[in-house]
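The following note comments on one sheet and on a residue within it. It is set out as numbered points for a colleague's reading.

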Amino acid sequence: PWASSPDVSRARIIAYGFRNPFRLTLSPDGKKLVVSDVGWNTYEEVNVMRTDEPAPVNFGWPCYEGPEAQPLYMQASPICAATPATA
C-alpha cells in the first residue's frame, strides 16, 4: 500500500499491530494473507487480510489481544484510544 513512499522502510509495511507473528501463508488463490500471532495472556490469533488492501492493516496490538481491549494500554495511550477493534 505504501510501495511508492520515498521512505524505504515505510514502503515495505503491509500490516502492523502484531505481538509476535510466527507463521504466515498465502491462501491458495493468493488473495489473502494469513498470519499466526502469539497472544499475550488469553488468545493465540490467526489474522487474515486481503492482499489488495489499499492501506496497511492494523491488527491492534498492544491495544487489543484478540477481541479484548487491554485496559491499561487503553487508559495510558492516546493511540490505543483511537484504535478501533479489528475483530
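**Note on the sheet**

1. Three strands make up an open sheet in the order β2-β3-β4, and their pairing is antiparallel. At its edges are β2 (21–26) and β4 (45–50), each of which pairs on one side only. From one strand to the next, the twist averages 20°. These remarks concern a predicted model.

2. Strand β3, residues 32–37, is joined to β2 by five bridges, the two running antiparallel. Two pairs illustrate the register: P21 is opposite D37 in β3, and L26 is opposite L33 in β3.

3. The connection between β2 and β3 is a hairpin with five residues between the strands. Within that turn, G30 adopts a positive phi of about 75°.

4. On the β4 side, β3 is held in an antiparallel arrangement by six bridges. One of the residue pairs here is V34 with V48, the latter being its bridge partner in β4.

5. E45, which belongs to strand β4, merits separate comment. What is the nearest side chain of opposite charge to E45? It is R19, at 8.8 Å. Salt bridges are counted within 4 Å, and E45 has none, although E45 is buried.

6. A polar atom of the E45 side chain does, however, lie 2.6 Å from the backbone nitrogen of G66. Leaving aside residues up to four places away in sequence, E45 touches V35, S36 and D37, together with E65 and G66. The description of this buried residue would therefore benefit from naming G66 alongside the absent salt bridge.

Definitions and conventions. Residues are numbered from 1 along each chain as its sequence is written. This is a predicted model: local features need pLDDT of at least 70, side-chain atom pairs count only at pLDDT 80 or more; totals for chains, interfaces and linings use all residues. Side-chain values use heavy atoms; hydrogens and water are left out. Two strands pair if DSSP finds at least two bridges between them. Helices (H or I, at least four residues) and strands (E, at least two) are DSSP runs, numbered from the N terminus. Axes are lines fitted to C-alpha atoms, for helices over the stretch in contact, and angles run from 0 to 180 degrees between N-to-C directions. Buried means under 20% relative accessible area, exposed over 50%, partly exposed in between (1.4 Å probe, protein chains only). Lys and Arg count as positive and Asp and Glu as negative; His and the chain ends are not counted. A polar contact is a pair of N or O atoms within 3.5 Å; within protein, one must be able to donate a hydrogen and the other to accept it, and residues adjacent in sequence count only if both atoms are side-chain atoms. Contact means heavy atoms within 4.5 Å.
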